[in-house]
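User: I'd like to practise reading a structure one feature at a time. Could you take me through this one?

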Amino acid sequence: MKKLGFLSFGHWSDHPSYMTRTGGDTLLQSIDLAVAAEEIGLDGAYFRVHHFARQLASPFPLLSAVGAKTKKIEIGTGVIDMRYENPLYMVEDASAADLISEGRLQLGISRGSPEQVIEGWRHFGYEPAEGQTDADMGREKALEFLKHLEGKGFAQPNPNPMFPNPPGLLRLEPYSEGLRERIWWGAASNATAVWAANMGMHLQSSTLKFDEGGKPFHIQQAEQIRIYKEAWKAAGHQREARVSVSRSIFALVSDQDRYYFGQQGKGSDSFGYIESDKRAVFGKSYAAEPDKLIEELARDEAIKEADTLLLTIPNTLGVDYNVHVLESILKYVAPGLGWR
């Protein structure tokens, strides 16, 4: 068995071919898609976070709305850029969303990725301390976020408060028990995966990672996952580690599928630079008739190592078509690979 979810970047544009012309379209369709995904038996609804772009950004209103409209499906992000966040305010927002969903939040965070604007976090009022990089700042904020999710008091109460206080130091409210154990870290390197394991965070690995040896993408990603699991075990955590990988996978079962994605399955891994000094390897998309798709996916070593697979979706094509995409995987592909 493998948990299957979707991952939406939440694009919109006033384009004739788009079903998502506005931010409102994307937000409302994201809720509808999560509801429909739960109905067809999908395990997770995950959303990307990008600032200064016509894509999903502030995640917690959306996560809360999805949580209120669904009952079983896991709800998450992949990932929140911690360089832009106030960790304490984020604890309150995340805890509220988790309580609304009754403990179904699976929150992916990271130090961030290449941005739409130069040092966009500065526009949000943040900058690294002297001697820090922006990546250092992101990790520092992540650790502060994790610490306060534990629910321990740290703030001295006012001796003359507006409302009565419990004894001792005060914590952030609301507190959602167990959320600290459902935080994931998006890692692009082996070293960062080890750090995430040491910090007790689950691992999210996407469709790209830094090139650390020139091997095919799925081999490098599988190595990263194994290194992470070894580090988790060495850290002595008493709970089970979870790992998700993302893939673009399309079962070609209709003429419309072939029109949209028939050429994507002919691609291969590629190498390039997402930062000026870091070479990355990008995984290929999968698109084929179900039988061939099963054969190809069976050879993906990283999918084998992960317990959760996030299917990246073309959200601009609308809810109905995306339900078809997801249902095709569940019906025609997942059983043949032992995922269902």
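User: Let's begin with a single residue: is Glu119 buried, partly exposed or exposed?

Analyst: Happy to help, and do keep in mind that this is a predicted model. Relative accessible area decides the class: buried means under 20%, exposed means over 50%, and partly exposed is in between. Glu119 has a relative accessible area of 34%, so it counts as partly exposed. Its place is the loop between β5 (105-110) and α4 (120-123).

User: What is phi of Glu119 near?

Analyst: Here is the general idea. Most residues other than glycine have a negative phi, and most peptide bonds are trans. Glu119 has a positive phi, near 45°. Phe52 is another case, with phi near 60°. Phe52 belongs to the loop between β2 and α2 (60-69), and with 42% relative accessible area it is partly exposed.

User: Which residues does the cis peptide bond with omega of about 5° join?

Analyst: That bond joins Gly78 and Val79. Val79 sits in the loop between β3 (74-77) and β4. There is also a cis bond from Glu173 to Pro174, with omega near 0°. Pro174 lies in the loop between α5 (134-149) and β6 (183-186).

User: Now a buried charged side chain. What does the side chain of Arg83 reach at 2.8 Å?

Analyst: For a case like this, look at burial, then at polar partners, then at the wider surroundings. Arg83 is in the loop between β4 (80-81) and α3 (87-100), and its relative accessible area of 3% makes it buried. Its side chain reaches the backbone oxygen of Arg111 at 2.8 Å. A polar contact of 2.4 Å links the side chains of Arg83 and Asp134. Arg83 and Arg111 are 28 residues apart in sequence, yet their C-alpha atoms are 6.2 Å apart in space. Beyond four places in sequence, the contacts of Arg83 include Gly112, Trp121, Tyr126 and Lys141.

User: Let's move to strands. Why is β1 described as largely enclosed by the rest of the structure?

Analyst: Count the buried residues. Five of the six residues of β1 are buried, so the strand is largely enclosed by the rest of the structure. Then look at its partners. Strand β14 (residues 308-312) runs parallel to β1 and is joined to it by five bridges; Gly5 has Leu310 as its bridge partner there. Strand β2 (residues 44-47) also runs parallel to β1, through four bridges, and Phe6 has Ala45 as its bridge partner in β2. Between β1 and β2 the chain passes through helix α1 (residues 23-40), in a right-handed β-α-β crossover.

User: Which backbone atom does the side chain of Ser8 reach?

Analyst: The backbone nitrogen of Gly10, at 3.1 Å. Ser8 lies in β1 (residues 3-8) and is buried, at 2% relative accessibility. Not counting residues up to four places away in sequence, Ser8 touches Tyr46, Phe47, Arg48, Leu56, Ile313 and Asn315.

User: How do I read the core? Which residues touch the most other members?

Analyst: The best-connected members are a good place to start. The largest nonpolar core has 71 residues, and Phe6, Leu107, Ile109, Phe145, Ile183, Tyr228 and Leu293 touch the most other members. Helix α11 (residues 319-333) gives the most to this core, with six residues. Phe6 has contacts beyond four places in sequence that include Leu33, Ala37, Phe47, Leu311 and Leu326. A second, separate core has seven residues, among them Phe261, Ala287, Tyr321 and Val325.

User: One last feature. In what order do the strands of the open sheet of three strands stand?

Analyst: The order is β8-β12-β11, and the pairing is antiparallel. At the edges are β8 (208-210) and β11 (270-275); each has a single partner strand, so one side of each is left without a neighbour in the sheet. On average, neighbouring strands here are turned by 40° against each other, direction ignored. Helix α7 (residues 217-235) packs on the sheet, touching β8, β11 and β12, and its direction makes about 70° with that of β8. Three bridges join β8 to β12 (residues 278-282), and Lys209 stands opposite Val281 in β12.

Conventions
Residues are numbered from 1 along each chain as its sequence is written. This is a predicted model: local features need pLDDT of at least 70, side-chain atom pairs count only at pLDDT 80 or more; totals for chains, interfaces and linings use all residues. Side-chain values use heavy atoms; hydrogens and water are left out. Two strands pair if DSSP finds at least two bridges between them. Helices (H or I, at least four residues) and strands (E, at least two) are DSSP runs, numbered from the N terminus. Axes are lines fitted to C-alpha atoms, for helices over the stretch in contact, and angles run from 0 to 180 degrees between N-to-C directions. Contact means heavy atoms within 4.5 Å. A nonpolar core is a set of buried Ala, Val, Leu, Ile, Met, Phe, Trp, Tyr and Cys residues joined through side-chain atoms within 4.5 Å. Buried means under 20% relative accessible area, exposed over 50%, partly exposed in between (1.4 Å probe, protein chains only). A polar contact is a pair of N or O atoms within 3.5 Å; within protein, one must be able to donate a hydrogen and the other to accept it, and residues adjacent in sequence count only if both atoms are side-chain atoms. A crossover is right-handed if, with the strands pointing away from the viewer, the path from the first strand over the helix to the second runs clockwise.
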